[in-house]
Amino acid sequence: MRAVAMRSHFSLLLLVNVMTCGLEVCLAVGTIYIPPLLLEAGLEERYMTMVLGVGPVLGLIFVPLIGSASDSWRGRFGRRRPFIWALSVGVLLALVLIPHATTLAALLAFQRPRWLEVSLLVLGIILLQFCGQACFTPMEALVSDLFPGEQESRWAFTVFSLMLSLGGCLGFLLPAVNWNSGATANYIGSQETFIYALLTLIFLGCMLSTVMIPEDLAVSVNASGKGNGGKKSRKACHRCAPLMPLLAPHRLCSTVGSLLSVLPHLCKMYRDMPKVLRRLFLADLCSWMGMECFLLFYTDFLGERLYNGQPSAKPGSKGRLLYEEGVRMASFGLFLQCLMAVCCSLLMERLLACVGPKALLLSSAALLAFSTAVMTLSHNTVLVTLMAAATGFTFCTLQVLPYTLTCLYHSNKPVFFPSTVRKPAKTCKDTSSNSERHPAGMPGLVPTDLVEPSPSACILHLPLPEMDLPPPSTSRGMCLDLALLDSAYLLSQVVPSLLMGSLVQLTHNVGAYMASSCVLSLLAVVLSSRIIFDHKDMELLQKCSS
């Protein structure tokens, strides 16, 4: 009977994570094709990069509200699936809009105005980025609800992370294949049209699989008080929950007003960070900015710089074909990076035990700086591809070490937060969920479920304290600091998106993408050397302060 129950649990776990894999496939392909498609549509570099920043900005604003609405939702289909389905519809709409923007513009306008085609393409890209990222919120909450126990949760999120990795590998591999060659070329249309049609079928099947998930099991477990999954999924501040029970249109004005009232308090929380957390936050932010400058613009860099392609050239022309070949090679490089990240994730615990967290974090930032410097100077495709694969080590390290260090700080608050411990700690209600995702302890105790999660994924399992927070003199909750640390990832996408396009237009060289990544990585090395890694570093900091 126990073996049957284990097989049933494993089957349910795979069923839940099918949607995770399909969603990551779509986002990975979007990473490859979105910059080239915008440039091919005639957008300038500066406007192209600005479009890439809209999705993360919307995510910063609305994802916490979606999480709060899901927690308070009551319906026949459960708390999570209605939001999963609604956001999935946005992803499906994006998968139709992006490859067919030209055709739809021709149907909607007599003279096929260029602005309508570009507008539809931009709308599809924003929908894909926002709905795709936001859909992970109810998905991970559903996993947490269905597998509430400590051991169950650890195993569930291990599978969740591996399915994310599998989806990323598949998503980066699809564009690397030249689907225009061979006997199928006459039937599939363009490369992008075929891949997005394939993505639509894959994602539709994954979306339908959620219909068979028995979400009522999670409701019964939480109602009986035997699990803590419902608590673990509260990602937004409790003050936002009563303001947004439903995402109804007539509540939009009150939602915006509530958001604006919360922003000053959020700024105050960043300003009141303890020194140890502020140093970690700044280093993490610069590291992710260097990584995002590479990830977001690597396809355009390879297509224009190494292959001398022209994204705005006519379809079928030499410049356009060279650019498309560069995009396929870039996709293969990011596929290798994903494989490297998976391998490093499996070895992370041993690496930490051998060299320690400080050497590991500094070497990862230095490796990113070295790799992007080589990419900036080299015109050898093989060498650049190998450097792209090497950045998987940095990507893996950024997924784990900042959270491990935060847990170290909270495991000994009197040492690392001496100015904040004046009365009994007021921590988050569900400390067990924090220990599952980020177990407190010395560096080297890396959670096995952090094989390769999304950087913003941890916020999905950590309830934030109420917005009427105690003054800075009181003890800090771990979940608040983890949430603030997660925001560095989202900010790292927004800043390069707003600035990089103008920099490329100013220099007339797409090598500015990799050069900026190199500079930011070097800055990350400097800032990472100032991070507090152990008690000795903290004692030295206190001596310097006094």
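How many cavities of 30 Å³ or more does the structure hold? The count is 5. Keep in mind that this is a predicted model. We'll look at one of those cavities, then at a pocket, and finish with a helix pair; helix α13 turns up at each stop.

Let's start with the second largest cavity, which has a volume of about 50 Å³. If you want to find it on screen, select Y33, P36, E40, Q191, E192, Y323, E324, V327 and R328, the residues that line it. Three elements give two or more residues to this lining: α1 (2-40), α8 (191-209) and α13. Which of them gives the most? That would be α13, with 4 residues. As for chemistry, the lining of this cavity splits into 4 nonpolar, 1 polar and 4 charged residues.

Now switch from a cavity to a pocket. The second largest pocket holds about 660 Å³ of space, and 28 residues line it. To get your bearings, go to E40, S190, E192, P315 and R320, which lie nearest the centre of this pocket. Two of those names should ring a bell: E40 and E192 are also in the lining of the second largest cavity. Helices α1, α4 (101-108), α5 (114-146), α8 and α13 each supply at least two residues of the pocket lining. Here too α13 has the largest share, this time with 5 residues. By class, the pocket lining comes to 9 nonpolar, 9 polar and 10 charged residues.

So much for the spaces; what about α13 itself? Two packed helices are described by the angle between their axes and the distance between the axes. Helix α13 covers residues 318-355, and it packs against α15, residues 381-411, at an angle of about 40 degrees with the axes 7 Å apart. That angle makes α13 oblique to α15. The crossing of the two helices is right-handed.

You can trace the contact from both sides. On α13, it includes M329, F332, G333, L336, Q337 and M340, and carries on through residues such as C344, M348 and L352. From α15 come, among others, T381, T385, A388, G392, F393, F395, C396, V400 and L401. How many nonpolar, polar and charged residues does the contact of α13 with α15 have? There are 16 nonpolar and 8 polar residues, and no charged ones. Set that beside the linings you've just toured: the second largest cavity has 4 charged residues in its lining, and the second largest pocket has 10.

Note on methods:
Residues are numbered from 1 along each chain as its sequence is written. This is a predicted model: local features need pLDDT of at least 70, side-chain atom pairs count only at pLDDT 80 or more; totals for chains, interfaces and linings use all residues. Side-chain values use heavy atoms; hydrogens and water are left out. Axes are lines fitted to C-alpha atoms, for helices over the stretch in contact, and angles run from 0 to 180 degrees between N-to-C directions. Angles under 35 degrees count as roughly parallel, over 145 as roughly antiparallel, 65 to 115 as roughly perpendicular and the rest as oblique. A crossing is left-handed if the near helix is turned anticlockwise from the far one by less than a right angle, and right-handed if clockwise. Contact means heavy atoms within 4.5 Å. Ala, Val, Leu, Ile, Met, Phe, Trp, Tyr, Cys and Pro count as nonpolar, Asp, Glu, Lys and Arg as charged, and the others, Gly among them, as polar. On a 1 Å grid over the protein atoms alone, a cavity is a set of points where a 1.4 Å probe fits but cannot get out, and a pocket is an open set with protein on both sides within 12 Å along at least five of seven lines; lining residues have an atom within 4 Å of a point. Grid points are joined across faces, edges and corners, and a volume is the space filled by probe spheres set on the points.
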